[in-house]
Amino acid sequence: PPGHRAWPPVSAVAFSADGVLALAGARNPELLLKSDGKSSAVVPLDLSLGESCELLVLSGPNAGGKSVAIKTLGLFAYMLACGMPVPCAPGSRFGAS
């Protein structure tokens, strides 16, 4: 319908008691809103912590996506705490302890 936004698939992320975070194809929801729902305009993020890596160091050039990656992680934590699905690939999991 006119004025209807097509959103990328959202997934119910599994919570893992082992504290492992594994996000695949995660897209920042705020950027999706600004791109009118065109998921191809938002670069997906893959992030994994807890299995073989317990420390994350983000480095890179200006405008390289470091802040967007951290903001995406924070938004996902809040959305999941509220029981909302998040825009990421199926099979992603969020560590909770």
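User: Why is Cys88 called buried in this model?

Analyst: Good place to start! Keep in mind that the model is predicted. Cys88 has a relative accessibility of 5%. Buried means under 20%, so Cys88 earns that label.

User: What makes Cys82 partly exposed?

Analyst: Its relative accessible area is 46%. The label covers values between 20% and 50%, and therefore Cys82 counts as partly exposed.

User: How many disulfides are there, and how do you know?

Analyst: The count comes to zero. A disulfide needs a pair of cysteine sulfur atoms within 2.5 Å, and by this rule there are zero in the model.

User: Let's move to Ala63. Why is Ala63 called exposed?

Analyst: Ala63 has 85% relative accessibility. The cut-off for exposed is over 50%, so Ala63 belongs in that class. You will find Ala63 in the loop between E3 and H2.

User: What is notable about the phi angle of Ala63?

Analyst: Phi of Ala63 is near 60°. That is a positive value, and the residue is something other than glycine.

User: Which label fits Leu56, and why?

Analyst: Leu56 is partly exposed, because its relative accessibility is 36%, and that label lies between 20% and 50%. Leu56 sits in the loop between strand E3 (45-49) and helix H2 (66-81). Setting aside residues up to four places away in sequence, Leu56 touches Leu47 and Leu49.

User: Where is Arg93, and why is Arg93 called partly exposed?

Analyst: Arg93 is part of strand E4, which spans residues 93-95. With a relative accessible area of 24%, Arg93 is over the 20% limit for buried and under the 50% limit for exposed, so partly exposed is the right term.

User: What does Arg93 contact beyond its neighbours within four places in sequence?

Analyst: Contact means heavy atoms within 4.5 Å. The partners of Arg93 include Val13, Asp18, Leu21, Leu23 and Glu51. As for Ala24, its C-alpha atom is 8.9 Å from that of Arg93, although the two residues are 69 apart along the chain.

User: How are the elements of the whole protein chain arranged?

Analyst: There are two helices and four strands. Starting at the N terminus, they run β-β-α-β-α-β.

User: What share of the protein chain is buried, and how many of its contacts join distant residues?

Analyst: Buried residues account for 31% of the 97 residues. Of the contacts between residues at least 6 apart in sequence, 70% join residues at least 24 apart.

Technical notes
Residues are numbered from 1 along each chain as its sequence is written. This is a predicted model: local features need pLDDT of at least 70, side-chain atom pairs count only at pLDDT 80 or more; totals for chains, interfaces and linings use all residues. Side-chain values use heavy atoms; hydrogens and water are left out. Buried means under 20% relative accessible area, exposed over 50%, partly exposed in between (1.4 Å probe, protein chains only).
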